[in-house]
Amino acid sequence: MEDTLTLTWQEKVAEYAALSEEMGQLHPEILELAYQENWFKLFVPEVYGGANKKLPEILRLEEQLAEADGSLGWTVTLCAGAGWFAGFLNPELAADIFANREVCFAGSGAVGGEAVKTETGYRINGQWSYASGALHATIFTANCTLKNENGEDILDENSEPVIKSFILKKAEVNILPGWSYFGLMATGSHAFEVKDLEVPENRTFTINEDILVADSGFDYPFLQLAETTLAVNSLGMTNHFIQLAEQSFHSRSSMRRFSEAQIQFFTSELNRCKNEVQMLREQFYTAFDESWTELMNNGQITDAKLNEVSSISRKLVHTCWRTASVLFPYCGLEAAKKGSEINRVWRDIHTASQHGLLTFEV
């Protein structure tokens with residue numbers, strides 16, 4: 001493999017981004033870079049070989065990753081985010097899982113399966129969609145409704161069906177190819193299924209209950225953790241798109257295709273978009289950093305601050321895809337060319353915008 005020290009990681013990613021998209025998964029050179037940098041273990045507690053990074057640093061890194069390549073940023077964010085579950089796992093199981101240098105979690109937040117309680121564990125059947133990184137994942141997480149042996153729901157104290165998450169190993173799942181969307185193509189976000197899979201008792205976990213192993217700040221609320229990590233992906237992709245849009249327009253304007261008035265109009269639109277995105281970026285990180293400080297100083301975050309973090313995350317995401325839509329018409333046919341860099345970034349932004357967690361701005 002080429003010595004990665006001869007290139008910055010951003011240059012390395014740029015070199016292979018188009019090849020990754022063509023392959024429908026991250027190129028082996030980029031996967032190797034991710035293993036070297038411990039990107040898939042960003043949220044894993046240090047005792048299990050985690051990267052020893054905290055959420056403020058992770059968010060800014062994920063923004064940079066997404067700016068370099070949307071598929072890389074998205075895959076690392078979703079896979080590393082699933083690795084956050086490490087703190088809720090049986091310690092012996094977790095130690096075994098994370099001993100693998102190439103460990104990578106993939107999964108789905110949807111409840112796609114049923115788990116029947118048995119004498120030694122559970123019997124699982126189900127199908128789950130949109131598992132980013134599925135083609136190179138070593139571990140899959142799956143949410144299931146618990147059933148008794150008669151097929152009846154097991155209920156909690158509020159008479160609601162009990163839902164638990166399960167750890168599944170790569171050899172136990174069947175990948176269902178189906179990630180045929182026009183963006184984030186190298187995430188390989190395919191579906192997976194299991195049929196009559198028997199797993200032991202220690203393969204189940206429940207987040208936000210018993211934290212078995214944790215680093216400082218591990219108890220940052222999961223909803224806002226998910227919202228903020230997704231938001232910085234849209235931000236990074238949009239930073240990239242703005243740069244490419246500016247380059248594209250000026251390469252065309254140098255051919256004297258536009259009048260001075262038209263160039264001035266575009267410049268005004270570009271600056272307005274840049275300023276709006278930058279302003280919201282600053283507001284986003286200010287709100288998040290304040291929430292982190294509350295957690296570190298007080299052991300908890302006020303509801304008002306959590307609501308502020310959620311609100312600015314959503315506003316930032318919506319501003320990002322609107323910015324791409326505003327600037328796209330000024331970029332020429334190169335922006336509509338399937339194999340071009342600017343087209344790839346535009347497609348990635350609009351595919352990321354379809355994540356259900358941030359669909360609505362309010």
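1. The radius of gyration here is taken over C-alpha atoms, and the globule rule is 2.2 Å times the number of residues to the power 0.38. Because a compact globule of 362 residues would come out near 21 Å by that rule, the 22 Å of this protein agrees with it. Please keep in mind, as you go through these points, that this is a predicted model.

2. Now for the overall picture. The protein has nine helices and seven strands. Taken along the principal axes, its C-alpha atoms fill a box of roughly 75 × 45 × 40 Å. Buried residues make up 53% of the 362. The accessible surface comes to about 16500 Å², and carbon and sulfur atoms contribute 50% of that. Among contacts with a separation of 6 or more, 74% are between residues 24 or more positions apart.

3. The nonpolar interior deserves a look. The largest nonpolar core holds 90 residues, and W39 and F241 touch the most other members. Helix α7 (residues 260–298) gives this core its largest share, twelve residues. A second, separate core has 20 residues, including A106, V162, V173 and V199.

4. If you would like to colour one core residue and its surroundings, try F241. Leaving out residues up to four places away in sequence, F241 touches A324, L327, F328 and C331, and also I342, V345, W346 and I349.

5. Next, the strands. Strand β1 (residues 105–117) and β2 run antiparallel and are joined by five bridges. The two form a hairpin, with three residues between them. One bridge pair to find on screen is G113 with G126, the latter being in β2. β2 also pairs in the antiparallel sense with strand β6 (residues 190–200), this time over eight bridges. There, I124 has L197 of β6 as its bridge partner.

6. Just past β2 comes S132, which sits in the loop between β2 (121–131) and β3 (139–147). Is this serine buried or exposed? Its relative accessible area is 6%, so S132 counts as buried, since the cut-off for buried is under 20%. The side chain of S132 makes a polar contact with the side chain of S189, at 2.8 Å. Beyond its neighbours within four places in sequence, S132 is in contact with W74, L78, C79, A106, T187 and S189. You have met A106 already, as a member of the second core.

7. Helix α2 (residues 28–37) is a good stop on the helical side. Its buried residues are E29, I30, L31, L33, A34 and Y35. Those buried residues pack against α1 (9–23) and α4 (70–83). Just after the helix, N38 takes a positive phi of about 65°.

8. My last stop is R344, which lies in helix α9 (residues 341–352). Is this arginine buried or exposed? R344 counts as buried because its relative accessibility is 8%, and the cut-off is under 20%. Which residues does R344 touch, not counting those up to four places away in sequence? They are A17, A18, E21 and D69. The chain also brings R344 and S71 together in space: their C-alpha atoms are separated by 9.7 Å, although the two are 273 residues apart along the chain.

Technical notes
Residues are numbered from 1 along each chain as its sequence is written. This is a predicted model: local features need pLDDT of at least 70, side-chain atom pairs count only at pLDDT 80 or more; totals for chains, interfaces and linings use all residues. Side-chain values use heavy atoms; hydrogens and water are left out. Helices (H or I, at least four residues) and strands (E, at least two) are DSSP runs, numbered from the N terminus. Buried means under 20% relative accessible area, exposed over 50%, partly exposed in between (1.4 Å probe, protein chains only). A polar contact is a pair of N or O atoms within 3.5 Å; within protein, one must be able to donate a hydrogen and the other to accept it, and residues adjacent in sequence count only if both atoms are side-chain atoms. Contact means heavy atoms within 4.5 Å. Two strands pair if DSSP finds at least two bridges between them. Accessible areas come from the Shrake-Rupley method with a 1.4 Å probe; for residues, only the protein chains shown count as cover. A nonpolar core is a set of buried Ala, Val, Leu, Ile, Met, Phe, Trp, Tyr and Cys residues joined through side-chain atoms within 4.5 Å.
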